[in-house]
Amino acid sequence: MQELADVVGSGLRVLFCGINPGLLSAETGHHFARPGNRFWPALHLSGFTPRQLKPAEQSELLDLGLGITNVVDRPTAQAGELSRSEFAAGGENLVKKVLAYEPVWLAVVGVTAYRAAFNLPKAVMGRQERTIGPTRVWILPNPSGLNAHYTLPKLTAAFAELRAASSMP
C-alpha cells in the first residue's frame, strides 16, 4: 500500500481534511476513493466544483483553490481502528501543514476526528472560533457512506454553507 499524498499547494481557499485514508484510497492513491463516499458528489452539488470530479481527478482541485489532506496518514478499513495517540499526533501534524500552506479555511470532515485531534470534546459542526494562524476552521459532516444520518442533501447543504462563507464563486 502506498502513502496517500496530500493534494496541497499555495493559495488554497479551502483545505479539506479527511479522518484518514481508507484502504481503497491508499491502494489507488486517490482521496475519498470508495464508491459509497459522498465527498465528490457533495463537493460538486454544493458549488465547489463545476462538475463532479472522480477521485482520480483530485489534482484538478488545486486549480479551483481547493486541497485535501488527512488528520492521520495511516490507512485503515474504518476510522475506529485509530488510537487516541494517532489522532493527537495527527492534530499536531495538521497544524504544521496548515501553518505551512496557510489556506483561508481548513474544513475537517468529521466532528469526531476534529474533537480527537484537538482534544476539544464539545466541538460542534460548522464554523469554529479557533484559528490556526490566519486559517479559519470549519467542521463538516463525515461524507462516508457509513454516516447514514447525513443524507446527500444534508451533506450538500453543509458543504454549501462553507462555500458561501469562503466566498467561493
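This report walks through a predicted model, starting with its sheet and moving on to its helices, cores and a few single residues.

## The sheet

A good place to begin is the open sheet, where five strands line up in the order β2-β1-β3-β5-β4 with mixed pairing. β2 and β4 are the edge strands, each pairing on one side only. Neighbouring strands here are turned by 25 degrees against each other on average, leaving direction aside. As a general reminder, strands of a sheet pair through backbone hydrogen bonds, in either a parallel or an antiparallel sense.

## Strand β3

Let us look at β3 and its partners. Four bridges join β3 to β1, and the two strands run parallel; in this pair, V14 has W105 of β3 as its bridge partner. β3 also pairs with β5 in the parallel sense, over five bridges. Two of the bridge partners in β5 can be named: V137 is the partner of L106, and I139 is the partner of V108.

How much of β3 is buried? Five of its five residues are, so the strand is largely enclosed by the rest of the structure. W105, A107 and V109 point one way from β3, while L106 and V108 point the other way, and all of them are buried.

## Helix α4 and its cover

Helix α4 spans residues 111-118, and its buried residues are V111, A113, Y114, A117 and F118. They lie on the same side of α4 because they cover an arc of only 160 degrees around the axis. In general, an α-helix has 3.6 residues a turn, so residues three or four places apart point the same way.

What covers these buried residues of α4? The cover includes α3 (84-101), β3 (105-109), β4 (126-132) and β5 (135-140).

## Where α3 meets α4

Two packed helices are described by the angle between their axes and the distance between the axes. For α3 and α4, the angle is about 90 degrees and the axes are 7 Å apart. That angle makes α3 roughly perpendicular to α4.

You can find the meeting place by looking for F87, A88, G91, L94 and V95 in α3, which meet A113, A116, A117 and F118 in α4.

## The nonpolar cores

The largest nonpolar core has 22 residues, and F16, L140, F159 and L162 touch the most other members. Two or more residues come from each of β1 (14-18), α2 (39-45), β2 (66-70), β3, β5 and α5 (152-165). Apart from this core lies another, of 21 residues, with V71, F87, A123 and I132 among them.

L140 is a handy residue to click on. Leaving out residues up to four places away in sequence, L140 touches F16, A107, V108, V109, G110, V111, M125, A158, F159 and L162.

## Two residues with positive phi

Most residues other than glycine have a negative phi. Against that background, F32 and N119 are worth a visit. F32 has a positive phi of about 50 degrees although it is not a glycine, and F32 lies in the loop between α1 (23-28) and α2. N119 also has a positive phi of about 50 degrees without being a glycine; N119 comes just after α4, in the loop between α4 and β4.

Are these two residues buried or exposed? With 13% relative accessibility, F32 counts as buried, whereas N119, at 65%, counts as exposed.

## W40 and Q78

W40 lies in helix α2 and counts as buried, with 3% relative accessibility. Setting aside neighbours within four places in sequence, W40 is in contact with H31, F32, Q52, L53, P55, Q58, L61 and I68. F32, the buried loop residue described above, is thus one of the contacts of W40. The C-alpha atoms of W40 and C17 are separated by 13 Å, and the two residues are 23 residues apart along the chain.

Q78 sits in the loop between β2 and α3. With 49% relative accessibility, Q78 counts as partly exposed. Which C-alpha atom is separated from that of Q78 by 6.9 Å? It belongs to G22, which is 56 residues apart from Q78 along the chain.

How values were computed
Residues numbered from 1 in each chain as written. Predicted model: local features only at pLDDT ≥ 70, side-chain atom pairs only at ≥ 80, totals over all residues. Heavy atoms only, no water. Buried < 20%, exposed > 50% of the residue type's maximum accessible area, 1.4 Å probe, protein only. Arc of directions from axis to C-beta. Contact = heavy atoms within 4.5 Å. Core = buried A, V, L, I, M, F, W, Y, C linked by side-chain atoms within 4.5 Å. Pairing = 2+ DSSP bridges. Axes fitted to C-alpha atoms, helices over the stretch in contact; angles between N-to-C directions. Parallel < 35°, antiparallel > 145°, perpendicular 65-115°, else oblique.
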